[in-house]
Amino acid sequence: MRIALLVSEFNWDVTSRMLEVAQERAAQLNLEVSHTCRVPGAFDMPVVADALLRRDDVDAVVTIGTIIRGQTRHDEVISHAVAASLADLSTRHQKPVSLGISGPGTKRHAYARIRPVSERAVEAALKTSERLREIR
């Protein structure tokens, strides 16, 4: 299975480590990482995910990011918009798009979630792809 890793540069101190964990987990699961793409932030992910999903050499997209809670509700708006857009893309293309975006939460929460969120995102892409193959 060939996956694309789509990582947010915003909060790079966290997301760069998430990317490393996702790459490690993909290797453990014998998944080929056909593309690794960086985007400015989580909000920028859907358009690049759409382009990746159109490629024949991408079976699934794994998103990697973290949204840190601020003093306004901006973090919640971004979280909801991105999750809805990515779910729509997955349905439209009939390929998994896993949500490896933690938050909204504090910076401390983001650090604590690096490994579990990153590993689960890679695993979810694989498991969803397997379920799709079973029913086709």
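Which residues of the largest nonpolar core touch the most other members?

**Entry 1, ground rules.** I am working from a predicted model, in which local features need pLDDT of at least 70 and side-chain atom pairs count only at pLDDT 80 or more, while totals for chains, interfaces and linings use all residues. Residues are numbered from 1 along each chain as its sequence is written, and side-chain values use heavy atoms, with hydrogens and water left out.

**Entry 2, the cores.** I looked up the largest nonpolar core (buried Ala, Val, Leu, Ile, Met, Phe, Trp, Tyr and Cys residues joined through side-chain atoms within 4.5 Å; buried means under 20% relative accessible area, exposed over 50%, partly exposed in between, with a 1.4 Å probe and protein chains only). Of its 20 residues, Ile 3, Leu 5, Met 18, Leu 31, Val 62, Ile 64 and Val 122 touch the most other members. At least two residues of this core come from each of β1 (2–8), α1 (12–28), β3 (60–68) and α5 (114–135), where helices (H or I, at least four residues) and strands (E, at least two) are DSSP runs numbered from the N terminus. Another core, of 17 residues, lies apart from it and includes Ala 49, Ile 78, Leu 86 and Leu 89.

**Entry 3, Val 122.** Setting aside neighbours within four places in sequence, I find Val 122 in contact (heavy atoms within 4.5 Å) with Ala 22, Arg 25, Ala 26, Leu 29, Leu 31 and Val 62.

**Entry 4, α2 and α3.** I then noted that Pro 46, Ala 49, Asp 50 and Leu 53 in α2 meet Ser 85, Leu 86, Leu 89, Arg 92 and His 93 in α3.

**Entry 5, Ala 83.** Ala 83, found in helix α3, is partly exposed, with a relative accessible area of 26%.
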